[in-house]
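Got your viewer open? Let's take a short walk through this one, stop by stop.

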Amino acid sequence: MKVTLKVWRQKNAKAAGAFKTYTSPELNPNMSFLEMLDVLNEELSNRGEEPIAFDHDCREGICGTCALVINGTPHGPQKGVTTCQTYMRSFKDGDQLVIEPWRAGPFPIIKDLVCDRKSFDRIQQAGGFITVRTGSAPDANSLPVPKEDSDLAMDAAQCIGCGACVAACKNASAMLFVAAKVSHLGLMPQGQPERYRRVKAMVEQMDTEGFGACTVTGSCEAVCPKQISLDFIARLNRDYAVSLLK
Ligand code: FES
């Protein structure tokens with residue numbers, strides 16, 4: 001199969017970017033989307049052209065590094081998968097694919113399809129951790145946790161911090177990300193001592209970074225590769241309201 005690619009090219013953070021059109025080499029439909037870009041980059045290098053910069057690490061849907069908007073949708077057309085787990089068989093021979101980076105003020109573009117997501121790291125650093133001593137593994141195992149709570153905490157902990165929620169949101173809101181991080185700790189007994197300090201600090205940092213407010217459009221949940229539920233945003237709002245009374 002072959003596809004036509006309209007790729008966002010931008011030399012650096014300050015330069016103006018533009019779309020550039022490429023015809024892909026012959027592709028195997030079972031290639032991943034990133035392997036397709038690898039093949040294109042090899043061809044560009046052989047021609048003496050600058051390869052396309054894009055983020056990736058694990059290529060297994062775990063790390064949250066890959067971040068491409070494909071035909072207007074963060075992580076592409078398939079539900080519940082990352083860009084690196086998207087395969088060329090999801091497209092048809094002759095398709096035109098428009099590839100862009102995440103677009104949001106707090107995620108400035110560094111080069112081509114790579115954006116700077118350190119704003120997420122700073123939100124995490126503001127409170128996304130537990131400082132109480134939880135003891136050794138046997139101590140932790142002696143602390144009973146209701147199954148419903150541990151299941152819910154695990155659902156929230158699936159967030160890989162890719163930022164697709166922000167890229168999909170018309171307000172560039174990071175509420176789903178922050179909600180997942182606040183919830184997976186706040187649902188566990190070990191997360192209780194800092195529960196309200198944590199939510200306040202993380203929400204304040206989110207606002208400082210310039211992320212927008214949530215207007216519950218649900219676009220974040222729709223594109224989340226880990227299908228994190230909007231319900232966690234309700235939980236975040238509740239915890240934040242309580243934190244203001246403390
Ligand atoms: S490269 Fe790690 S999730 Fe895609």
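Start by colouring two stretches: the domain assignment, automatic or from a database, splits the protein chain into domain 1 (4-111) and domain 2 (118-245). Before you click further, note that this is a predicted model, where local features need pLDDT of at least 70, side-chain atom pairs count only at pLDDT 80 or more, and totals for chains, interfaces and linings use all residues. Residues are numbered from 1 along each chain as its sequence is written.

The centres of domain 1 and domain 2, taken over C-alpha atoms, sit 29 Å apart. Where they touch, domain 1 puts in 18 residues and domain 2 puts in 16 residues (contact: C-beta atoms, placed from the backbone, within 7 Å).

Next, pick out the open sheet: five strands in the order S2-S1-S5-S3-S4, with mixed pairing. Strands here are DSSP E runs of at least two residues and helices are H or I runs of at least four, numbered from the N terminus; two strands pair if DSSP finds at least two bridges between them. At the edges, select S2 (18-23) and S4 (73-74), each pairing on one side only. S3 (residues 69-70) joins S4 in the antiparallel sense over two bridges, and Val69 stands opposite Pro74 in S4.

Last stop: select helix H4 (residues 147-157) and helix H6 (residues 175-186). What do Ala153, Ala156 and Ala157 in H4 meet in H6? They meet Ala180, Ser183 and His184. That contact has four nonpolar residues, two polar and no charged (Ala counts as nonpolar, Ser and His as polar).

Conventions
Contact = placed C-beta atoms within 7 Å.
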